Amino acid sequence: MVKVIRQGVYYSEGKLIKESQAFKTDEKKRAAQKNTIAYSVLQTHNSGDETQYRLKFDAIASHDITYVGIVQTAKASGIEHFPVPYTLTNCHNSLCAVGGTINEDDHVFGLSAAKKYGGDYVPAHLAVIHQYMRECAAKCGAMILGSDSHTRYGALGTMAIGEGGPELVKQLLKQTYDIKPPEVIAVYLKGKLRKGVGPQDVALALIRAVFPSGFVKNKILEFIGPGIAALSMDYRNGIDVMTTETTCLSSIWETDGKTEEYFRDHNRAEAYKRLAPAEPAYYDGAVTIDLSKVEPMIALPFHPSNAYSIREFLERSEELLKEVEEKGRAILGTDAFCLTNKIKDGKVYVDQGVIAGCAGGSYENIAESAEILRGKSIGTGAFTLNVYPSSQPVYKCLTENGYTGLLMETGATLKTAFCGPCFGAGDTPATGALSIRHTTRNFENREGSKPAQGQLSAVALMDARSIAATAANGGVLTSALDYEYNKRVKKYRFDGKIYENRVYRGAGKPQKDQALVYGPNIADWPEQIPLGKNLLMKVVSVLKDPVTTTDELIPSGETSSYRSNPYKLSEFALSRKDPEYVGRAKSVREEELARRETGVLPQRVIQELGGFEVGKDTVYGSVVVSNKPGDGSAREQAASCQRVLGGVANLCKEYATKRYFSNLVNWGMLPFTCEKPDFKTGDYIYVADIAEGIKSGETRFIAQVFSKGTRRDVVLELAPFTADEKEILLAGCLINYNKKKI
């Protein structure tokens, strides 16, 4: 089904040839590296050289839990107008009253910002961010940067990247996105999917194959091969958006007549052009997928890579659910969590089905689900099915073609375009419930449960077709491969008037006299101080998980209402993993504030250091220690909340994603790594001459660790930084860096 080739390959005449069998010279290899689609797109946007890319994007996009902070940061840095098309969408805080404040204030602010600086504004419930950008902004050969990790439009020939807000601020300030040339991995598709197998099944099979080893981490996936032709654009988009869960940097696909038809149907025929690798093209590795062998899949809690075919899962349901049960009990801290009780008479019963968002809410996913459910009932028991079309144009066509009525007759509930089920702000299951979802992620607690309050539910990812088959079977987990239904659905028709009559299109038309409209919950970023000559860090939290997601660093869902208020939001930092963290971090922050006034460290700190002299011009702050932080969302708040609480660094074995690493740098937090981060809460770590070391490009530092009366040396490392990154770290954050430039 899926095979991974862990060596270079050449692609020529529709075939992959392993590098070891190609007998190419180094000169021919270098030439072939430039024949990928990825290389051609990157070079079109690169103002740097072959060793360091400096990229400028064609457009950027944000949603309503990121754009306020981005605009505030850009404003603090002196922006006068948006120099690049910027789309502000509203699909995360759509409920307008979650968590104790009024999110509509953020929406009013967003519209005022679009008017003042010249941007586009998409009101709430009209479209989820990625569906709108597919429909209205993606272009073949273009690049788009979004402040959401699932910014992926590769199937439409657009190389799109999801990053933290500060990287979008750089684009607004006419700065660049700086990366080393990324490796490119071929994803070779062949064969044709069977009826009942959908895009999520292909995506989960891919994620399972590459995520555990980190094979495609920070690389670009380039989809090629004869199997593409048999996939509709909805299927391609559905596979593509899930590439984020492989931890790749971005994606790009060959384009063809179906791509051209998509743009024509969306009244943007000029956005199409043929994209294909030149021959021969060299790739740094490959993944081959035989679509004809892909089966309906299920990704069990608590990660998309925890995937099995539904057939295998049902054969081993008790064993596999018991494994998840053990993980859940470790999260909850008690034995109260149970999933094996979902097995009755040899069948697995689920409590909820959800089809939603940028992955699940497409026209074909929902229409085909309606065909599966035609004439059926989801039952009058506990099982529920909630369906969220990804945009109002999709909803309108589903209605005109009779599919919304079909679904409603079954007992399913249709709702407006909203990302809430993907991040815990909607459809949170009951305690102990098992939900099956065609959404993007199923990380622990991401569905909105609160272990600290004794609540834990679980989400398994599945394709919409198997979710519909399960719903038709009364909540008994069922593979759509074994379900008889009419796969053919009525053709999709896009109605652009919906956007023409409601979207504010102000790109390139700033109204400088327009005032920004602030609500009481919108606060400026607090001032951050520059890095000192020396650095003293106190360990305030040690996370033992193999991987720490951004959902655990700053929870989603219940925090959404406070994304525009750095102080209130920071109160939630690490609340699911280490409830004592905020108090410890605040204590260090208060001690540092006192040190700035008096010029000396508090006596208690001096005593715990055994009288050690830390030297003049020493900055003192907190540090979080973990193994591999930053998987998941691009949200900058995973880093900025630590910074607001006085954090000065992270310390780990490795960083899970580039986007989290970038967030740390842009917020002036040193991204240290250590081969064995064996530290305890309460330890102090002192790094002398850190500022000079960063200036001179040092990557290895001998630090001193003070732990309960003992002292030892430890080696801390920093990755090589660009000149701009050095200046950002020395200045204390991106805002300070830009103020200094002004």
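**Exercise 1: a strand and its two neighbours**

Work out in which sense, parallel or antiparallel, strand β26 (residues 534-542) and β32 pair, and over how many bridges.

*Solution.* Before starting, keep in mind that this is a predicted model: local features need pLDDT of at least 70 and side-chain atom pairs count only at pLDDT 80 or more, while totals for chains, interfaces and linings use all residues. Residues are numbered from 1 along each chain as its sequence is written, and side-chain values use heavy atoms, with hydrogens and water left out.

- Step 1. Fix the terms: strands (E, at least two residues) and helices (H or I, at least four) are DSSP runs numbered from the N terminus. Two strands pair if DSSP finds at least two bridges between them.
- Step 2. β26 and β32 are joined by four bridges in the antiparallel sense, with K538 opposite Y684 in β32.
- Step 3. Now look at β33 (residues 700-707), which runs antiparallel to β32 and is joined to it by three bridges. Here I685 has V705 as its bridge partner.
- Step 4. Check the side chains of β32 (residues 684-687): Y684 and Y686 point one way, I685 and V687 point the other way, and all are buried. Buried means under 20% relative accessible area, exposed means over 50%, and partly exposed lies in between (1.4 Å probe, protein chains only).

**Exercise 2: an open sheet**

Find which strands are at the edges of the seven-strand open sheet.

*Solution.*

- Step 1. A reminder: strands of a sheet pair through backbone hydrogen bonds, either parallel or antiparallel.
- Step 2. Read the order of the seven strands, β17-β16-β24-β23-β20-β21-β22, where the pairing is mixed. The edges are β17 (307-309) and β22, since each pairs on one side only.
- Step 3. Take a closer look at one end: β16 (residues 297-299) and β17 run antiparallel and share three bridges. M297 stands opposite S309 there.

**Exercise 3: a cysteine in a helix**

Explain why C397 has no disulfide partner.

*Solution.*

- Step 1. Apply the cut-off: a disulfide is a pair of cysteine sulfur atoms within 2.5 Å.
- Step 2. The closest cysteine sulfur to that of C397 belongs to C136, and because the two are 15 Å apart, they are too far for a bond. By the same rule, the count of disulfides is zero.
- Step 3. Place C397 in its helix: in α15 (residues 392-400), the buried residues are P393, V394, Y395, C397 and L398. C397 has 1% relative accessibility, so it counts as buried, whereas C338, at 22%, counts as partly exposed.
- Step 4. See what covers the buried residues of α15: the cover includes α6 (129-136), α14 (363-373), α16 (403-410), β22 (413-414) and α19 (497-500).
- Step 5. Follow the chain onward, and after α15 comes G402, whose phi is positive, near 90°.

**Exercise 4: cavities**

Determine how many cavities of 30 Å³ or more the whole structure holds, and then describe the largest.

*Solution.*

- Step 1. A cavity is a set of points, on a 1 Å grid over the protein atoms alone, where a 1.4 Å probe fits but cannot get out; lining residues have an atom within 4 Å of a point. Points are joined across faces, edges and corners, and a volume is the space filled by probe spheres set on them.
- Step 2. The search finds six such cavities, and the largest holds about 230 Å³.
- Step 3. Of its 23 lining residues, H63, H92, D148, H150 and R446 are the closest to the centre. The elements giving two or more residues to this lining are α6, α13 (357-360) and α17 (420-423).
- Step 4. Sort the lining of the largest cavity: eight nonpolar, ten polar and five charged residues. In this scheme Ala, Val, Leu, Ile, Met, Phe, Trp, Tyr, Cys and Pro are nonpolar, Asp, Glu, Lys and Arg are charged, and the others, Gly among them, are polar.
- Step 5. Turn to the second largest cavity, of about 60 Å³. Its lining has seven nonpolar, two polar and one charged, including I529, L670 and R643.

**Exercise 5: T89**

Decide whether T89 is buried or exposed, and list its contacts.

*Solution.*

- Step 1. T89 sits in strand β6 (residues 86-89).
- Step 2. Its relative accessibility is 0%, so T89 counts as buried.
- Step 3. Contact means heavy atoms within 4.5 Å. Leaving aside neighbours within four places in sequence, T89 contacts S62, H63, D64, Y67, V122 and I129.

Conventions: 1 Å grid on protein atoms, 1.4 Å probe; cavity = no way out; pocket = protein on both sides within 12 Å on 5 of 7 lines; lining within 4 Å.
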